[in-house]
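Morning, everyone. I have one structure to go through today, and I will keep to the salt bridges and where they sit. Please have a look at it first.

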Amino acid sequence: MNKSLKKKLFFTSLLLISFFLGTIFNSLNDFLNKEPSYNISDVVLISRSPEWKYGLGFYVAVILIEKSENGFDVSCKVHVGNHNYFENIPLGSVSTIEEAYHKWDTITWTNDELIIGSSSDSPVIVKRNKIEQHR
């Protein structure tokens, strides 16, 4: 095989490998940076955090309701930044959507914790230092 042909094969191979790796990394980037999407009918409440360690509204708590065999399961997803998923906090199960709205219609952000639900229905409390463990 002559020197010119070897050179062309090398650069062609290099070009194909670069294209292949670029495609893989682009797909991986799209997968990792996918923004969450919810059906509006599944969302009970959305609330952004106060001025905590990384700034006003850096954390977002989304209370979601999902149909289950015995009624509805309710959870809170806490997001970091604009789109990164952080943590799923199960809140409980209810038999009706109205009961979910009644039990978890309040999100309170204090200096030290995230409080989900009203005080009369045993709220779920997540400590601020636990939420800020993502970094």
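I will start with the overall layout and then take the salt bridges one by one.

Keep in mind that this is a predicted model. The protein has 135 residues, and 31% of them are buried. Its secondary structure comes to three helices and seven strands. Reading from the N terminus, the order is α-β-β-β-β-α-β-β-β-α. On contacts: taking those between residues at least 6 apart in sequence, 36% join residues at least 24 apart. The accessible surface comes to about 9,400 Å², and carbon and sulfur atoms account for 56% of that.

Now the charged pairs. How many salt bridges does the structure hold? There are three.

Take Lys130 and Glu87. The closest N and O atoms of this salt bridge are 2.9 Å apart. Which elements does the pair connect? Lys130 lies in helix 3, residues 128-131, and Glu87 lies in strand 4, residues 84-94, so the bridge ties together parts that are 43 residues apart in sequence. As for exposure, Lys130 is partly exposed, with a relative accessible area of 39%. Glu87 is buried, at 16%, because the cut-off for buried is under 20% relative accessible area.

Next, Lys127 and Glu113. This is also a salt bridge, with the closest N and O atoms 3.1 Å apart. Here two strands are involved: Lys127 is in strand 7, residues 124-127, and Glu113 is in strand 6, residues 113-116, so the pair ties together parts 14 residues apart in sequence. Is Glu113 buried or exposed? Glu113 is buried, with a relative accessible area of 16%. Its partner Lys127 counts as partly exposed, at 46% relative accessibility.

That leaves Glu132 and Arg128. Their closest N and O atoms are 2.9 Å apart, and they form a salt bridge. Glu132 is buried, with a relative accessible area of 13%.

To put the pairs side by side: Lys130 with Glu87 links helix 3 to strand 4. Lys127 with Glu113 links strand 7 to strand 6. On the acid side, Glu87 is buried, Glu113 is buried, and Glu132 is buried. On the lysine side, Lys130 is partly exposed, and Lys127 is partly exposed too.

That is what I had on the salt bridges. Thanks.

Conventions. Residues numbered from 1 in each chain as written. Predicted model: local features only at pLDDT ≥ 70, side-chain atom pairs only at ≥ 80, totals over all residues. Heavy atoms only, no water. Salt bridge = Lys/Arg side-chain N within 4 Å of Asp/Glu carboxyl O. Helix = DSSP H or I, 4+ residues; strand = E, 2+ residues; numbered from the N terminus. Buried < 20%, exposed > 50% of the residue type's maximum accessible area, 1.4 Å probe, protein only. Contact = heavy atoms within 4.5 Å. Areas by Shrake-Rupley, 256 points an atom, 1.4 Å probe, with all protein chains shown as cover.
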